[in-house]
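Thanks for coming. I will go through one model today, and you can follow along on the screen.

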Amino acid sequence: MQNNALSVSENFRKMAVKSIYAIALFFITYLVLIILGIGVIFLCGLIAYGLVALKFMAVTAALALGFLGMGFLIFFFLIKFIFSSPKKIDRSHLLEITEKQQPELFKMIHEIVNEVQTNFPKKVYLSSDVNASVFYDSSFWSMFFPVKKNLQIGLGLMNSVSEIELKAILAHEFGHFSQRSMKVGSYVYNVNKVIYNMLYENEGYGNLLDRWSDVSAYFVLFSKGSILVIRGIQYVLMKVYRVLNLNYMALSREMEFHADAVAASVAGSSPLANSLLRLGLANQSLDAVFNYYNAKIAESETTNNFYPQHSFIIDQIAKAEELEIQDKLPHLPIEVYKKFNRTKLVLDDQWSSHPSTEQRVAKLEELNLPVRAHSNQIAINLLADKTIIEEMITKRLFEHVKFEKEPVITGLDEFQTQYFKNKQENDYPAVFKGYFDTRDPYQDFTAEDFEPNATREQLKFEDLINDQSAAEINNLTAAISDKATVDNICEGILEINTFDYDGIKYSSADAYSVSAFLDKEIKELKGALEKRDKMLFNFFLQRSREIGNAEDFKTHALAFQEIAKPVQTQRDAYVNLVEATYFMQTTTPFDEIKNNMFKVKKMEEPFKEQVKFLLESDLYHEFIDTDTRSKFEEYLSKDWKYFGHDTYFDLEVELLFNVINAFTLVIFKQQNKLKMSLLEFQAGMIENLTPA
């Protein structure tokens with residue numbers, strides 16, 4: 001490994017020094033609290049002695065024990081983290097492998113360990129996902145005594161990176177433990193956990209206080225006194241916690257950059273950069289396979305091996321995105337990467353913060369270190385008996401699934417056939433690059449917009465549908481999803497104390513400001529996309545005039561507008577009724593059921609109007625078969641009660657949910673048909689378009 005990668009940057013050194021000062025602040029604060037805690041014990045002891053010495057009787061003895069107990073409970077609060085059990089990592093989904101079983105993979109790990117100058121992992125595990133990590137069961141004592149780390153490598157990762165890219169990724173993981181200077185981060189991490197334990201992990205301590213209070217009515221008062229003192233201690237610790245976290249955020253980012261530099265010195269800059277940009281696509285591809293089989297559980301369909309199907313989806317997305325293929329893997333420019341980056345929110349690690357992928361790639365490009373070795377092998381080919389391993393991991397994921405009948409095994413050929421069939425039926429023209437996958441064409445036009453004398457700016461298709469347009473769609477989807485999660489934190493539905501957004505750590509109290517920021521971002525993105533929608537409409541209107549089929553375009557646009565206009569009303573009626581009937585699918589007390597039924601009947605009125613509209617309108621007849629029509633008519637024929645005499649009327653409830661499901665399916669099929677027709681017509685207008 002190049003020696004300069006082992007030397008930390010000046011910025012890292014500054015952040016480390018600040019973090020050391022923050023650690024020192026904690027230890028000084030903690031020492032003062034311990035001294036005060038001992039003082040409280042001594043004072044409580046003196047008061048207890050004085051009470052007993054004054055007059056020994058049951059009351060003074062109980063009060064003396066109360067004071068002694070309060071003193072010891074306050075002191076125990078300050079040291080309880082020492083006795084906390086190490087956080088155990090769930091390994092039930094992992095497959096442990098040995099060097100004898102996988103000599104080629106272990107050979108690579110040995111090479112990395114030697115170059116990075118760190119210790120070989122205690123154990124090596126394989127998992128199903130697109131990830132690699134170093135983990136260990138951590139406790140307070142791991143700050144002082146070395147703990148051997150375990151290495152976890154996901155088959156989804158190995159299936160989507162080359163050997164040299166895998167080497168870079170693993171070198172990054174071990175780079176975090178490559179030298180003493182990196183231990184500063186470990187100390188901050190553990191000090192953070194100590195404070196976190198005293199601030200938030202108090203369920204066991206609360207139970208101890210409750211048991212002590214139950215011993216005697218006298219002790220309740222002292223229990224409350226302990227709580228008041230502890231709140232004061234927590235207030236002080238919260239101030240230190242914020243100082244420590246502020247410094248650790250900056251240090252954590254520098255640690256990540258340093259680990260990247262270590263990886264670049266082992267493998268070169270481009271392998272890690274390329275793999276970072278591809279991981280979003282790899283995750284989306286594996287999710288597509290997982291989602292396919294989740295949807296097939298009811299049909300008792302399964303597979304023996306996810307990973308050939310995972311590779312197939314990666315290849316198909318690469319073709320759809322017209323990505324360059326390098327060493328049998330798609331190469332993603334930074335603009336395309338943004339399409340696959342689904343969130344800026346991190347909830348799973350409460351004590352770390354990371355720079356964005358874009359920032360990491362920029363730093364790697366600045367380093368510009370040459371590739372140290374080259375292999376066009378996909379990393380998963382390092383595994384001996386690769387297919388057996390893939391099947392073992394796949395089997396583990398289905399272990400707890402209960403099929404109604406003997407499952408049918410789907411192989412790669414069947415999966416591909418179904419994929420292309422679904423694609424043909426549901427995919428919109430590729431020329432739009434996914435822009436309309438989750439978005440409808442522009443509908444807010446009027447008859448005047450089709451007038452031939454209307455003046456419009458000259459537009460180019462390639463300026464309207466490109467990587468930027470796809471990124472805007474993805475950013476809006478991610479922002480809406482992230483805001484829903486942040487709002488759950490605001491409302492206390494999601495009980496966490498800190499979270500990361502876009503590489504910055506926030507406390508739960510900051511969730512309101514993050515939510516407001518996301519509101520603004522969502523509004524701006526919606527505005528930009530609405531403007532783009534209108535420009536696309538104007539482009540196709542111009543194009544239709546150029547090639548002489550403006551009337552045909554008008555016909556398609558008006559047909560879609562006619563079906564799209566009532567969709568929001570239909571969706572509202574559907575969603576409101578679904579929300580109102582949710583309690584019917586859970587265990588609910590009888591009184592609540594009776595009260596909830598009033599809301600069901602209220603929400604059912606507009607829903608019935610929409611069902612009646614579907615039956616009467618010629619627009620939907622094509623998608624209402626005899627069985628569906630019969631259900632709709634039966635549903636509209638009377639006022640169903642669904643519940644009475646403390647029991648559900650099962651046949652009526654079944655009819656209701658069958659109609660709800662059929663209703664949304666009819667709407668989707670009809671809207672999708674006209675949307676597909678409009679988009680295919682528009683795509684046909686630009687097939688022979690020569691770029692200006």
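**Notes on a predicted model**

At 67% relative accessibility, Glu322 counts as exposed. The cut-off for exposed is over 50%. Keep in mind that this is a predicted model. Glu322 sits in the loop that runs from helix H10 (307–320) to strand E6 (324–326). Its phi is near 55°, a positive value in a residue other than glycine.

There is another such residue to look at. Asp385 has a phi near 50°, again positive and again not in a glycine. Its place is the loop between helix H12 (357–367) and helix H13 (386–397). Is Asp385 buried or exposed? Asp385 is exposed, at a relative accessible area of 55%.

From that loop we go on to H13. The helix has 12 residues and covers 17 Å from its first C-alpha to its last, close to the 16 Å expected at 1.5 Å a residue. Which residues of H13 are buried? They are Ile389, Glu390, Ile393 and Thr394. An α-helix has 3.6 residues a turn, so residues three or four places apart point the same way. Seen down the axis of H13, the buried residues fall within an arc of 135°, so they line one face of the helix. The elements that cover them include E1, E2, helix H4 (155–158) and H10.

Two of those are strands, so take the strands next. Strand E1 (residues 95–97) runs antiparallel to E2, and three bridges join them. In that pairing Glu96 stands opposite Tyr125 of E2. E2 also pairs with strand E4 (residues 150–154), this time in the parallel sense and over four bridges. There, Ser127 stands opposite Gly154 of E4.

In a regular strand the side chains alternate between the two faces of the sheet. What about the two faces of E2, residues 124–127? Both are covered: Val124 and Leu126 are buried on one side, and Tyr125 and Ser127 are buried on the other.

Now the nonpolar cores. The largest has 77 residues, and those with the most contacts inside it are Phe540, Phe553, Phe607, Phe632 and Tyr635. Helix H22 (residues 650–686) gives the largest share of this core, 18 residues. A second core, separate from that one, has 66 residues, among them Leu105, Val116, Leu323 and Leu382.

Back in the largest core, pick Phe607 on the screen. What does Phe607 touch, leaving aside its neighbours within four places in sequence? Its contacts are Ala573, Tyr574, Leu577, Tyr635, Val659, Ile660 and Phe663. Of these, Tyr635 is also on the list of residues with the most contacts inside the core.

Last topic, charges. How many salt bridges does the structure hold? The count is 21. I will show three of them.

The pair Glu111 and Lys167 has its closest N and O atoms 3.2 Å apart. Glu111 belongs to helix H3 (residues 103–116) and Lys167 to helix H5 (residues 163–175), so this salt bridge ties together parts that are 56 residues apart in sequence. The two ends fall into separate accessibility classes: Glu111 is partly exposed, at 33%, whereas Lys167 is buried, at 12%.

Next is Arg439 with Asp533, where the closest N and O atoms are 2.9 Å apart. This one links distant parts of the chain, 94 residues apart: Arg439 is in the loop between helix H14 (412–426) and helix H15 (461–464), and Asp533 is in helix H17 (residues 511–546). Both Arg439 and Asp533 are buried.

The third joins the side chains of Glu472 and Arg532, at 3.1 Å from N to O. Glu472 is in helix H16 (residues 467–490) and Arg532 in helix H17, so the pair ties together parts that are 60 residues apart in sequence. Buried means under 20% relative accessible area. Glu472, at 10%, therefore counts as buried, and Arg532 is also buried at 10%.

One more item on charges. Which residues are joined into one network by salt bridges that share partners? They are Glu111, Glu115, Lys167 and Arg372. Glu111 and Lys167 are the pair from H3 and H5 that I showed earlier.

That is what I have for today.

Definitions and conventions
Residues numbered from 1 in each chain as written. Predicted model: local features only at pLDDT ≥ 70, side-chain atom pairs only at ≥ 80, totals over all residues. Heavy atoms only, no water. Buried < 20%, exposed > 50% of the residue type's maximum accessible area, 1.4 Å probe, protein only. Core = buried A, V, L, I, M, F, W, Y, C linked by side-chain atoms within 4.5 Å. Contact = heavy atoms within 4.5 Å. Pairing = 2+ DSSP bridges. Salt bridge = Lys/Arg side-chain N within 4 Å of Asp/Glu carboxyl O. Expected span 1.5 Å × (residues − 1). Arc of directions from axis to C-beta.
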